[in-house]
Amino acid sequence: IQIYVSSKKYKVNGMLGDKRRVFTFPCLSAFLDKYELQIPSDEKLEEFWIDFNLGSQTLSFYIAGDNDDHQWEAVTV
């Protein structure tokens, strides 16, 4: 997976200060091999958001689902 992240940082759990375990960044694009992953269809969503979770040591984000009944698909690495 290749992920291109904006240079602007966004923080989740900011109230936790140095104890926060999840950092969220806007993602400009994401690729799986040669396939560009698509952002979910949502009028309020302008870009991918990637969560780096230090506690579970995972990377998580949502991509477009495969049909209207399933518009969001979770990806966790």
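**Close-up views of a predicted all-strand chain**

**View 1. The whole chain holds 7 strands and 0 helices.** The model is predicted. From the N terminus on, the order of elements is β-β-β-β-β-β-β. The chain has 77 residues, and buried residues make up 22% of them. Its exposed area is about 5900 Å². Carbon and sulfur atoms supply 49% of that area. Take the contacts between residues at least 6 apart in sequence: 36% of these join residues at least 24 apart.

**View 2. Confidence varies along the chain, from strand 2 at the lowest to strand 4 at the highest.** The mean pLDDT of the chain is 76. A value of 70 or more is reached by 75% of the residues. Strand 2 (residues 10-11) has a mean of 46. Strand 4 (residues 35-36) stands at 88. Over residues 7-13 the pLDDT is below 50. Beyond near neighbours in sequence, this stretch still has 16 contacts in the model. Where pLDDT is low, predicted coordinates should not be read in detail.

**View 3. The largest nonpolar core of the model has 9 residues.** Its members are Cys-27, Ala-30, Leu-37, Phe-48, Ile-50, Leu-59, Phe-61, Ile-63 and Val-75. Strand 3, strand 5 (48-53) and strand 6 (58-67) each supply at least two of them. Strand 6 gives the largest share, 3 residues.

**View 4. Strand 3 and strand 5 pair in antiparallel fashion.** The two are joined by 6 bridges. Strand 3 covers residues 22-32. Cys-27 stands opposite Phe-48 in strand 5. Both Cys-27 and Phe-48 are also members of the largest nonpolar core.

**View 5. Thr-24 is a buried residue of strand 3.** Its relative accessibility is 7%, so Thr-24 counts as buried; the cut-off is under 20%. The side chain of Thr-24 makes a polar contact with the side chain of Asp-51. The distance is 2.5 Å.

**View 6. Strand 5 and strand 6 form an antiparallel hairpin.** The pair is joined by 3 bridges. Phe-52 stands opposite Leu-59 in strand 6. Leu-59 also belongs to the largest nonpolar core. Between the strands of this hairpin lie 4 residues.

**View 7. Gln-57 takes a positive phi in the loop between strand 5 and strand 6.** The angle is about 55°, although Gln-57 is not a glycine. Gln-57 counts as exposed because its relative accessibility is 71%, and the cut-off is over 50%.

**View 8. Asp-33 also has a positive phi, in the loop between strand 3 and strand 4.** The value is near 60°. Asp-33, too, is a residue other than glycine. With a relative accessible area of 65%, Asp-33 is exposed. Strand 4, at the end of this loop, is where confidence is highest in the chain.

Technical notes
Residues numbered from 1 in each chain as written. Predicted model: local features only at pLDDT ≥ 70, side-chain atom pairs only at ≥ 80, totals over all residues. Heavy atoms only, no water. Buried < 20%, exposed > 50% of the residue type's maximum accessible area, 1.4 Å probe, protein only. Contact = heavy atoms within 4.5 Å. Areas by Shrake-Rupley, 256 points an atom, 1.4 Å probe, with all protein chains shown as cover. Polar contact = N/O pair within 3.5 Å; in protein donor to acceptor, adjacent residues only side chain to side chain. pLDDT = per-residue confidence, 0-100. Core = buried A, V, L, I, M, F, W, Y, C linked by side-chain atoms within 4.5 Å. Pairing = 2+ DSSP bridges.
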